[in-house]
Amino acid sequence: MAKRVVRMSKKKTSRKPRAGKVKPEENGEKPPPPPSFTFSVDSSLLFQLGERLVAKPSIALAELVKNAYDADATKVTVTFETIGKPGGTIVIEDDGHGMVFEEVQDNWMRIATPEKRRHPASRYYRRPLTGAKGVGRFAARRLGAKLILQSIAERDDGTKESVITDFDWADFTEGKDLDKVSVPYTRQAATSETKTGVSLFIEQARDAWTEDDLNELRRDLLSLQNPFPDLAIKAAPVRSGKKHKPLSDPGFNFEMSVADSGELDKLSGGLGEAFLSRAFARLDGRVDKKGVAHYDIEILKTGETDSLVDNSHDYKGLENALVRVYLMIYKDEYFKGTDFGLRDAQNKGREEGGVRIYLDGFRVFPYGEAGDDWLQLDEYAAKNLDLANVINPPEKVIETRNELHGRPFLLIPKNNQVFGVVSLSQSRHENIEINVTRDRLIETEAVKRLRLFAQNGIYWTGLKYAAHSAERRAKKKKESVKSVAEIITDARVAVEAVAEIPDDQRQTIVWNLNQAIARAEEEEQSHISEISMLRILASAGTTITLMNHQLRALNGAVLRSEHDLLRLRSDVPKKLGKRFHEIASQISEWRETMELLTSQLGFLLAPDARQRRRHHVLYEVVEDVRKPMVYYMKKFGVIFHNRVPRSLRTPAIYRAELYSVLMNLLSNALKAVHGQPERVVAVDAEKQGRKMLLRMSDTGVGLPPERREMSFKPFVTTSAPNPVLGVGTGLGLKVVKDILDLYDGDARFIPADKPYKTCIEIIIPDKGVAENGN
């Protein structure tokens, strides 16, 4: 084999490449500069800054509303016109100082200007400016295909001018240099009576807005400003660099209206906060200049107050941060005499409950939205764990907990029970910064301390309610002793009265009572009891909630695909033909799925499902339970194995009860595997003598042996919050156990075969009797 020789040179060479140097000419003239490159920007950058960067329409609109605030507007109005169908218009109007021609040219038309860093306060009211990246204006691209900007402003000489700029985002096509795309404008004088401000007309809205979409958007936008003006944090002194004399800030108001959109018109209006007066307690917290947290609580019904100082933690970096939380207890007694009932309040809790974060008076999404658990309240409630083990509350709080018997931490509220805000200011809290996507804060140590600040206050408030409940229980116990004594006295009187009735009449009364009891027992054997029906309804609620979520998601997907087809139909090139066919196929698949889901809605409570006990083909029932979950399992990558023998029939059982058992087991399994590397659920079944055994296994997080028996108790759940299935009520396995008890059956956890982590087995004896069964 030939040898390869590598020669090493001792001469030093630089690995760093250098641009060529130009020697000076002999005549002494200055040499020309070396050749160089310059950056160019593709027009597709605006797509990245608009559609890609901004996650939600509400965030896009929020950025445009903030621009009005920065322009010293006192009022901004967002109007939706004909948005119930594609191609509507969104108008954002403010009464701020507007922009003169040079400001439109040098600031609005320039990406990521340092203007707000050079001048961090507004021109007249010295408001701390809310934007910093200079890209918020491109949020308009997320909302519509065209934008008309009209600005009316006063120039330095006292005259006013109007500048109208027309953006057609379709002109900013991929492959075209951004600075080569011209944007037409008109500039003309305005009368002195014309009010200053900016109007944005967003035309050809990209989304068609359903009632649910607009309801969600309405909640987001109307929650954009801090609902508690007294929690506004005074900004740190800043130098605006402007020559204008500062004025007293009159405040900032936001309005939203829907016009010419059919049924959507009824959504106009503001959010009412009257029900907060029905809360159990109000908590106010603040961090002082030394980084120490102080909390004050008021029990609204009694007027009782208490205070707490948290010396256990260092909240440096959060000086002047504020928190306010209302704790809502969903019981009838708290809502008597109001225009809204308990159910209305519960709905409001599901939709709007949570603790929101406001930075310089504007909301940071998605904190406080449904499903967002940034304070881990739902997580610890679902696991029945004491939050104190994580947050290490002050000694006074620990003493309160230890004085209460049982497990008072179980009364610590969930997100749907708290309505609150955390108030911050970027000028005061420089170590807290919002993401470039304009949602969520960058997770720093300061944000972790902020979470701890809110958690400690809420934990203390929850213990206050636990103490209040303990006092009420003690009082009722005393009253119940008196009531029992009274009942015993009444019973003795009744016995004496019956004894005085003649024998023949007394025998007739006894015979009638026995007949009534017999009829009741016969009725109970042939129909599901009222209690069993309630169990079925509880499971039906879980099913219908899931289906509703899926149908909404599918409706939106179908609508978006329809828009894609409309855009492609007239000029689909051959190379896109395959994609066009794929979209059409997806629509067909989604429609079939929706039809399948809607066909299931009436199944669970169908009359025959709850009036006759039958022997059912178990494989088919398992499939009926699986089908409504198909879209969920596909979305979250869950594999489901139905390994039930196709010939296996169940003992005589009401179909609705069997469905309820399987649905509760499956929903628990789906929650358990959510987020796991391997997501598999399997169902097996067999006959052993005169018993049917069914086993459901999953590859979820597993359940410690010491918690297995506890899982069958009411209101105990080990499930973590699920984005679709929720947290759960803690009644699922209790319902399963109760139904099986009616058949002398059982439910139990057994060792799981690998790779499964959990296996639950149900046993149903076959008594050999079916009522009108098959």
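This is a short group-meeting talk on the strands, helices and backbone details of one predicted model.

Hi everyone, thanks for coming. Please keep in mind throughout that we are looking at a predicted model.

Let me start with the overall picture. The protein has 774 residues, and 45% of them are buried. DSSP gives us 19 helices and 21 strands. If you take contacts between residues at least 6 apart in sequence, 75% of them join residues at least 24 apart.

Now, please turn to the C-terminal part, where I'd like to spend most of my time. Here you will find an open sheet of 5 strands with mixed pairing, and its order is E16-E18-E19-E21-E20. Which strands stand at the edges? They are E16, residues 639-642, and E20, residues 746-750; each has a single partner strand, so one side of each is left without a neighbour in the sheet. Going from one strand to the next, the twist averages 15°.

Let's walk through some of the pairings. E16 runs parallel to E18, and 4 bridges join the two. One pair to click on is His641, whose bridge partner in E18 is Ala682. His641 also belongs to the uncovered face of E16, together with Ile639, while Phe640 and Asn642 make up the covered face.

Further along the sheet, E19, residues 691-698, and E21, residues 758-765, are antiparallel and share 8 bridges. Within that pair, Met692 sits opposite Ile764 of E21.

What lies across these strands? Helix H18, residues 655-673, lies across E16, E18, E19 and E21, and it runs at about 20° to E19. Helix H19, residues 732-742, lies across E20 and E21, at about 130° to E20.

These two helices also meet each other. As a reminder, a packed pair of helices is described by the angle between the axes and the distance between them. For H18 and H19, the axes come within 9 Å and cross at roughly 150°. The cut-off for calling a pair roughly antiparallel is over 145 degrees, and H18 and H19 are therefore roughly antiparallel to each other. Their crossing is left-handed. On the H18 side, the contact is made by Glu657, Ser660, Val661, Asn664, Leu665 and Asn668, and on the H19 side by Gly732, Leu733, Val735, Val736, Ile739 and Leu742. Sorted by class, that contact of H18 with H19 has 7 nonpolar, 4 polar and 1 charged residues.

For another helix pair, let's go back towards the N terminus. H2, residues 57-70, packs with H6, residues 211-222, at an angle of about 35°, and their axes are 9 Å apart. The crossing of H2 and H6 is right-handed. H2 brings Pro57, Ser58, Leu61 and Ala62, which meet Leu217, Asp220 and Leu221 of H6. This contact divides into 5 nonpolar residues, 1 polar and 1 charged.

There is another sheet I'd like to show you. This one is open, with 7 strands in the order E10-E9-E8-E11-E14-E12-E13, and again the pairing is mixed. Its edge strands are E10, residues 305-310, and E13, residues 362-364, each pairing on one side only. The twist here averages 20° from one strand to the next. Inside this sheet, E12, residues 354-359, runs parallel to E14, residues 418-424, with 6 bridges between them. Val355, for instance, has Gly420 as its bridge partner in E14.

Finally, some backbone details. Most residues other than glycine have a negative phi, and most peptide bonds are trans. So where should we look for exceptions? Phe365 and Pro366 are joined by a cis peptide bond with omega of about 0°, and Pro366 lies in the loop between E13 and helix H8. Lys754 to Pro755 is cis as well, with omega near 10°, and Pro755 is in the loop between E20 and E21.

As for phi, Asp72 is not a glycine, yet its phi is positive, about 65°. You will find Asp72 in the loop between H2 and strand E1. Is Asp72 buried or exposed? Asp72 is buried, with a relative accessible area of 4%. Asn392 also has a positive phi, about 50°, without being a glycine, and it lies in the loop between helices H9 and H10. Asn392 is partly exposed, with a relative accessible area of 49%.

That's my tour. Thanks, everyone!

How values were computed:
Residues numbered from 1 in each chain as written. Predicted model: local features only at pLDDT ≥ 70, side-chain atom pairs only at ≥ 80, totals over all residues. Heavy atoms only, no water. Pairing = 2+ DSSP bridges. Axes fitted to C-alpha atoms, helices over the stretch in contact; angles between N-to-C directions. Contact = heavy atoms within 4.5 Å. Parallel < 35°, antiparallel > 145°, perpendicular 65-115°, else oblique. Left-handed = near helix turned anticlockwise from the far one by under 90°. Nonpolar A, V, L, I, M, F, W, Y, C, P; charged D, E, K, R; others polar. Buried < 20%, exposed > 50% of the residue type's maximum accessible area, 1.4 Å probe, protein only.
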